[in-house]
Amino acid sequence: MKKKYPGSKVVFVGPCAAKKLEAIRENIRSDVDFVLTFEELQGMFEAKEIVFATLPESEGLNEGTAAGRGFAVSGGVAKAVTELAQQQNPGLEIKTARAEGLRECRKLMTMAKTGKYKGYLLEGMACPGGCVAGAGTILPIDKAVKFVDKYSNEAAITTPLESSYRDQGKDLD
């Protein structure tokens, strides 16, 4: 976006407070200008007295892939990687294991070090339930998971290979 629209600002909005620390990393800092949690954004809307129910209907955003939309729930990243890999290599078997919460992630990594998950794709989510349960969320986890699933199922495209935003100069193979 910054190449296409010089001077534009990129804002990450989500439930994860850890993204604030990630965004100050030197290799990310130039790509992301601001990070807001859902809770912070909701506070801004309330401070400006913006009531969504009173706003006119508009066309929804429908440019994201189902794979990308599903990242926020536990198992979503592994599912996206598996689906893309299988799309490019039909019949490829990918074993996955996942953990939710730091204690379970530590157990998963310990078991992986002992060889239990040799050749597996491992997914660890620090927050139980996934990113939807981050410190800056404004919904109960089960409700957020249902919204993510609904939004993923409504996606017009499935994987990044189908995205019009894919950098055509780079091959994903």
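## The nonpolar core

Let's start inside this predicted model. Its largest nonpolar core is made of five residues: A97, A99, C105, L108 and Y117. Two elements, β3 (96-100) and α6 (102-113), each give at least two residues to this core.

C105 is a good member to look at in your viewer. Setting aside residues within four places in sequence, C105 is in contact with A99, G124 and M125. Of these partners, A99 is itself listed in the core.

## The overall fold

Stepping back, the protein chain holds seven helices and four strands. In sequence order they run β-α-α-β-α-α-α-β-α-β-α. Along the principal axes, the C-alpha atoms occupy a box of roughly 55 × 40 × 35 Å.

How much of the chain is joined by contacts between residues at least 24 apart in sequence? Taking contacts between residues at least 6 apart, 61% link residues at least 24 apart.

## Surface and charge

If you plan to look at the surface, the accessible area of the protein chain is about 12,500 Å², and carbon and sulfur atoms account for 57% of that. Buried residues make up 24% of the 173 in the chain.

The chain carries 24 positive and 23 negative charges, and the mean positions of these two sets lie 7 Å apart.

## K20 in helix α1

K20 sits in helix α1, which spans residues 19-23. Is K20 buried or exposed? Its relative accessibility is 31%, so K20 falls in between and counts as partly exposed.

Beyond residues up to four places away in sequence, K20 touches V35, L36, T37 and E40. With V35 there is also a specific atomic detail: the K20 side chain comes to 2.8 Å from the V35 backbone oxygen. F34 makes a handy distance check, as the C-alpha atoms of K20 and F34 are 8.0 Å apart in space, while the two residues are 14 apart in sequence.

## T65 in a loop

T65 belongs to the loop that runs between α3 (38-47) and α4 (66-69). Why does T65 count as buried? Its relative accessible area is 11%, and T65 is classed as buried because that value is under the 20% cut-off.

Which residues does T65 meet, apart from neighbours within four places in sequence? They are A155, I157, T158, T159, P160 and S163. Selecting T65 together with these partners gives you a simple view of this loop residue and its contacts.

How values were computed
Residues numbered from 1 in each chain as written. Predicted model: local features only at pLDDT ≥ 70, side-chain atom pairs only at ≥ 80, totals over all residues. Heavy atoms only, no water. Buried < 20%, exposed > 50% of the residue type's maximum accessible area, 1.4 Å probe, protein only. Contact = heavy atoms within 4.5 Å. Areas by Shrake-Rupley, 256 points an atom, 1.4 Å probe, with all protein chains shown as cover. Lys, Arg positive; Asp, Glu negative; His and termini not counted. Charge placed at Lys NZ, Arg CZ, Asp CG, Glu CD. Polar contact = N/O pair within 3.5 Å; in protein donor to acceptor, adjacent residues only side chain to side chain. Core = buried A, V, L, I, M, F, W, Y, C linked by side-chain atoms within 4.5 Å.
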